[in-house]
Amino acid sequence: MIITSAPAKVILFGEHAVVYGQPAIAVPVSSLRAAVILDPAKRPLREIHLVAADLLRNSTVQPAEVTQALEYAVEVALRALNLPDIGAIIRVNSHIPVASGLGSGAAVAAALIKAVGMGADRPFDQEVLNQLVYELEKQHHGTPSGIDNTVVVYEKPVYFVRDVAIETVPITAPFSLLIADSGVSAPTKIAVGDVRKLYESDQARVQPILESIGQIARQARQAIEAGNTAALGVLMTQNHQLLQALRVSSPELDRLVEAALSAGAAGAKLSGAGRGGNMISLVDAENQECVREALLAAGAVRVIVTTVGAS
Ligand code: PMV
């Protein structure tokens, strides 16, 4: 029996602008994972079972679509191995909410492809795995920057610039985030497509917004490396305002950001493609509980705490 897994991720800075060549920073959420159990079968049988309560509750992702995506991930792995098939019963068990900016698609794909490689006794190295998961992301999202697959595969905080070598970010002082789900599912492809339309219709206004987001990501990297958590919070909130200007926030996300800030969070922003999905807020041990309650009172359907840089 082979067991593999991959973590969820959150984007701390730079979503959307990263598609246009600006830097972004994303971190793994190691406590929230997609797992795959692969049982080699004696005969050439391939069955894929999915255990992911969240997928079946979610209205924008149909189970048939999900099954197809899983099958396709296995196909991509087999093709890379030059194998016609694999005899196995594969169980996918994901705790990562879907269509909410937490990288669930990339995590499930990474865990599946890893399992198929190990099942065939030819484990993929991380670079190849990253490439294969990126192929799948392209199928699902159209023009992904590649940030999701990179964080999920390497499971390290990354400073990511499209088509440039991956850089990991050392965390000098660990910091805690509350990840709050707005309860609205929002496919990445639509938000990314709308930003593209906005960019094409009004480049003179949109380009400076993208550049300002890039500048924030650069400053944030310095703040993280210097262990300057207070500066990080301010930058997060500024990043959210720029995402509002790109029209990818929503009333639900704005309400959660406001609630977190009013309850004492050092900073807050939407995370991922926006329109729905999750937002993140920077908290400390003193205000964490108060911010969590404020988020739930403001409509969050789930709040997860994660510490970035915890060993
Ligand atoms: O998959 P999500 O919802 O975390 O969003 C991806 C981030 C975007 O910058 C909006 C798109 C991309 O491909 O980088």
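Biologist: How many salt bridges does the rule give in this predicted model, and what makes the pair Asp39 and Arg91 a salt bridge?

Modeller: The count comes to twelve salt bridges. For Asp39 and Arg91, the closest N and O atoms are 3.6 Å apart. The cut-off is a side-chain nitrogen of Lys or Arg within 4 Å of a carboxyl oxygen of Asp or Glu, so the pair qualifies. Asp39 lies in strand 2 (residues 24-40) and Arg91 in strand 4 (residues 88-94), so this salt bridge ties together parts that are 52 residues apart in sequence.

Biologist: Why do Asp39 and Arg91 count as partly exposed?

Modeller: Asp39 has a relative accessibility of 24%, and Arg91 has one of 34%. Buried means under 20% and exposed means over 50%, with partly exposed in between, so both residues belong to the intermediate class.

Biologist: What makes Glu167 and Arg221 a salt bridge, and which parts does the pair tie together?

Modeller: Their closest N and O atoms are 2.7 Å apart, which is within 4 Å, and the pair is therefore a salt bridge. Glu167 lies in strand 6 (residues 167-168) and Arg221 in helix 7 (residues 203-226), so the pair connects parts 54 residues apart in sequence. Glu167, Arg221 and Glu225 are linked in a network of salt bridges.

Biologist: Why is Arg221 called buried, and how is Glu167 classed?

Modeller: The relative accessible area of Arg221 is 17%, which is under 20%, so Arg221 is buried. Glu167 has 31%, between the two limits, and is therefore partly exposed.

Biologist: How do you know that Glu289 and Arg292 are separated by about one helical turn?

Modeller: Both residues belong to helix 10 (residues 288-297), where they are three residues apart. An α-helix has 3.6 residues a turn, so residues three or four places apart point the same way. The closest N and O atoms of Glu289 and Arg292 are 3.4 Å apart, and they form a salt bridge. Glu289, at 39%, is partly exposed, and Arg292, at 29%, also counts as partly exposed.

Biologist: Which other residue is found in helix 10, and what makes it partly exposed?

Modeller: Leu296 is found in helix 10. Its relative accessible area of 37% falls between 20% and 50%, so Leu296 is partly exposed. The C-alpha atoms of Leu296 and Val158 are separated by 29 Å, the two residues being 138 apart along the chain.

Biologist: Which residues have the most contacts inside the largest nonpolar core?

Modeller: That core has 105 residues, and those with the most contacts inside it are Val10, Leu12, Phe13, Leu112, Met279 and Leu295. Helix 3 (residues 104-119) supplies the largest share, ten residues. In soluble globular proteins, nonpolar side chains tend to be buried together. Beyond its neighbours within four places in sequence, Phe13 is in contact with residues including Ala24, Ile25, Ile216, Leu232 and Met236.

Biologist: What makes helix 5 largely enclosed by the rest of the structure?

Modeller: Seven of the eight residues of helix 5 (residues 147-154) are buried, so the helix is largely enclosed. The buried residues are Ile147, Asp148, Asn149, Thr150, Val151, Val152 and Val153. Their cover includes strand 1 (2-13), strand 2, helix 3, helix 4 and strand 5 (158-160). Glu155, which follows helix 5, has a positive phi near 50°.

Biologist: Which residues come nearest to the ligand, and what makes the approach of Ser145 a polar contact?

Modeller: Of the 15 residues around the ligand, Lys9, His16, Ser145, Asp148 and Ala273 come nearest. A polar side-chain atom of Ser145 lies 2.5 Å from a ligand oxygen atom, which is within 3.5 Å, so this is a polar contact. A polar side-chain atom of Asp148 lies 3.1 Å from an oxygen atom of the ligand, and a polar backbone atom of Ala273 is 3.0 Å from a ligand oxygen atom. Taken alone the ligand exposes 380 Å², of which the protein buries 95%.

Biologist: Why is Asp121 called exposed, and where is its place?

Modeller: Asp121 has a relative accessibility of 68%, which is over 50%, so it counts as exposed. Its place is in the loop between helix 3 and helix 4 (126-141). The phi of Asp121 is near 65°, a positive value in a residue other than glycine. Most residues other than glycine have a negative phi.

Notes. Residues are numbered from 1 along each chain as its sequence is written. This is a predicted model: local features need pLDDT of at least 70, side-chain atom pairs count only at pLDDT 80 or more; totals for chains, interfaces and linings use all residues. Side-chain values use heavy atoms; hydrogens and water are left out. Helices (H or I, at least four residues) and strands (E, at least two) are DSSP runs, numbered from the N terminus. Buried means under 20% relative accessible area, exposed over 50%, partly exposed in between (1.4 Å probe, protein chains only). A nonpolar core is a set of buried Ala, Val, Leu, Ile, Met, Phe, Trp, Tyr and Cys residues joined through side-chain atoms within 4.5 Å. Contact means heavy atoms within 4.5 Å. A residue is near a molecule or strand if one of its heavy atoms lies within 4 Å of it. A polar contact is a pair of N or O atoms within 3.5 Å; within protein, one must be able to donate a hydrogen and the other to accept it, and residues adjacent in sequence count only if both atoms are side-chain atoms. Accessible areas come from the Shrake-Rupley method with a 1.4 Å probe; for residues, only the protein chains shown count as cover.
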